[in-house]
Amino acid sequence: MAKPAKMLLNVPAIKADFPILQRKVRDRRLVYLDSAATSQKPKQVIDATTDFYSRYNANVHRAIYELGEEATREYEGAREKVAAFIGAKSPNEIVFTKSTTESLNLVAYGYGLKGKLQKGDEILGTVMEHHSNHVPWHFVKDHKGAVLKYVDVSDDGTLKMEQYDELLTKRTKIVTVALCSNVLGTINPVKEIAKRAHEVGAVCVVDAAQAAPHMPIDVQDLDADFLAFSGHKMLGPTGIGILHGKPEALEATEPLLGGGEMIREVHLGRASWNDVPYRFEGGTPNIAGAIGLGAAVDYLTNLGMESVRAHEMEITQYALDKIGRINGVTTYGPKDVKKKAGVLAFTIDNAHPHDVASILDVEGICIRSGHHCAQPLMERYDLPATARASFYVYNDLEDVDVLAAGIKKVQEVFA
Amino acid sequence: MPAASDLYQEQILDHYKHPKNKGPLPGATFSARDTNPLCGDEVAFHLKVDRSQRVSDVRFEGRGCAISQASASMLTTMLKGLPLSEAEALGDDALVKKLGISLSAVRLNCALLPLHVMRLAVREKKAAST
């Protein structure tokens, strides 16, 4: 496994942008391999949020004065940046929420539960979804009598597409799928899934939380009806999420939150709603979060999402070679990096993933252990838990080397 | 600087690799099973109590990390022969002291899961019989 002499991204320069990567943990260099849980933040993002609070903090869309106009301009500017980032036709297709979870709940509640679905209509999901793309649909089943069906995964970590074709019928009204699995790293063929969903008249809902930070996304090409992702996994602040919807899909969605901002007129006992997307943004939004997200989009756009993806493919290939070949280590998900994002779930013989994470922690390495909010997937593979390393723009091959050395230490303890 | 050996001391690893009193216990007076929802660690506890209300036998079953499973094994050795009232009253501190390691808040949950399940077993049976 020869190491390339030079990586695609200038990782030392990128690392220098992240204040947290300068700190030590237990006297060791911080090796952060948990970006699938949340990413670290560059100083450009931290500065953008600080700048808002220290220079032009005001509420958006209402104030007549200069500060308010600046805040509104930056908040709406962030919406435009996000729209451009994923190829939306208009910023009005971008709804700001607090998280991917809220975005998916908005679709389940506003489009499914309160919207078009009838009793007996079918919602088709997959076994590999994150809990946030399972549980909102349980609500639709429980309160509306919708029927839930699931596409299984193969042992190699890919969706059983022939089963998708069998389960997809005229009764299917919603198909919901992760663009990228948070455990297996599998990149699902969402363009094809959406196309087939449309052929039976269903809408396609995409959880892009693990994809949007790591690869180019073009919503025109994917042609899904809804697409949800989070700011905090793509170098932005926590508490800001995104829902992209086609105009007709958003128009057919009822709001989740009633209150200020989302109305046109309010009278005693009745109200009419503001236009899309504002009708979904009741209450004072996370202004600093949106502005920070805008800075994160700028940062990623500067690096180039094609380069980000190529960089992560290189690290993932190296990790599959280096970690996957250690005796007693099992990795999960596709082995072909063209079908896999920078997420590597693994187990070590005779060592529970929690103990793996504890021992790696002593080495200054942050990885995740547990069920990764994907219990149905863990049940499918009959695994109580796995360890998971995930990679991002500030990681390099040396981080993988440190992880491999840490795994050897785990094996010594549990030999 | 802490080392892996601070957490994974010899006696912890020994109880994990060679657990004491592990398996089912037919005719148990008290039994309960619970999981730690954060990590999926699973422990079942079975106690048999004799006429004088002493713990005459105790077994655990489960799967999970070294800390939770070693803790379960060590807890069985602490309970055997104890009057039931003392077993019930056994505090978190006593088990942590027996483990002899310093634990972060998250790992403390792993360590205390067996004690929680043992108390649950006794409490559920008592609630059912009143």
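Let me begin with the overall size of chain A: for 415 residues, a compact globule would be expected to have a radius of gyration near 22 Å, and chain A has 22 Å, so the value agrees with that expectation. Please keep in mind throughout that this is a predicted model. If we draw a box along the principal axes, the C-alpha atoms of chain A fill roughly 70 × 55 × 30 Å.

Inside that box, chain A has 14 helices and 17 strands, and 52% of its 415 residues count as buried. When we take the contacts in chain A between residues at least 6 apart in sequence, 71% of them join residues at least 24 apart.

Next, the domains. Chain A is divided into domain 1, which is made of residues 11–41 together with 304–413, and domain 2, which covers 47–301. The C-alpha centres of these two domains of chain A lie 27 Å apart, and where the domains meet, 26 residues of domain 1 are in contact with 29 residues of domain 2. Which elements supply at least two residues each to the side of domain 1 of chain A that touches domain 2? They are helix H11 (305–322), strand S14 (343–348) and helix H13 (375–380) of chain A, and H11(A) gives the most, with five residues. Sorted by character, the residues on that side of domain 1 divide into 13 nonpolar, five polar and eight charged.

Now I would like to look at one helix more slowly, namely helix H2 of chain A, which runs over residues 43–55. At 1.5 Å a residue, its 13 residues should span 18 Å, and the C-alpha atoms at its ends are 17 Å apart, which agrees. The buried residues of H2(A) are Val45(A), Ala48(A), Thr49(A) and Phe52(A). Why do these buried residues line one face of the helix? Seen down the axis of H2(A), they fall within an arc of 90°, and therefore they sit along one face. It helps to recall that an α-helix has 3.6 residues a turn, so residues three or four places apart point the same way. On the face of H2(A) turned away from the buried side we find the exposed residues Ser54(A) and Arg55(A), while the cover over the buried residues includes helix H3 (66–85) and helix H10 (287–303) of chain A.

For a single residue, let us take Val190(A), which lies in helix H7 of chain A, residues 190–199. Is Val190(A) buried or exposed? Val190(A) is buried, because 25 other C-beta atoms lie within 10 Å, and the cut-off for calling a residue buried is 20 or more. If we leave aside its neighbours within four places in sequence, Val190(A) is in contact with Val177(A), Leu179(A), Val206(A), Leu222(A) and Ala224(A). Of these partners, let me pick out Ala224(A), which is 34 residues from Val190(A) in sequence and 7.9 Å from it in space, C-alpha to C-alpha.

Finally, we come to the second chain. Here 14 residues of chain A are in contact with 15 residues of chain B. The elements giving two or more residues to the side of chain A that touches chain B are helix H12 (353–362) and helix H14 (397–413) of chain A, and H12(A) gives the most, with five residues. The residues on that side of chain A divide into five nonpolar, five polar and four charged.

How values were computed:
Residues numbered from 1 in each chain as written. Chains lettered and ligands numbered in written order. Predicted model: local features only at pLDDT ≥ 70, side-chain atom pairs only at ≥ 80, totals over all residues. Contact = placed C-beta atoms within 7 Å. Helix = DSSP H or I, 4+ residues; strand = E, 2+ residues; numbered from the N terminus. Nonpolar A, V, L, I, M, F, W, Y, C, P; charged D, E, K, R; others polar. Rg over C-alpha atoms; globule rule 2.2 N^0.38 Å. Buried ≥ 20, exposed ≤ 12 C-beta atoms within 10 Å, placed from the backbone. Expected span 1.5 Å × (residues − 1). Arc of directions from axis to C-beta. Domains from an automatic or database assignment.
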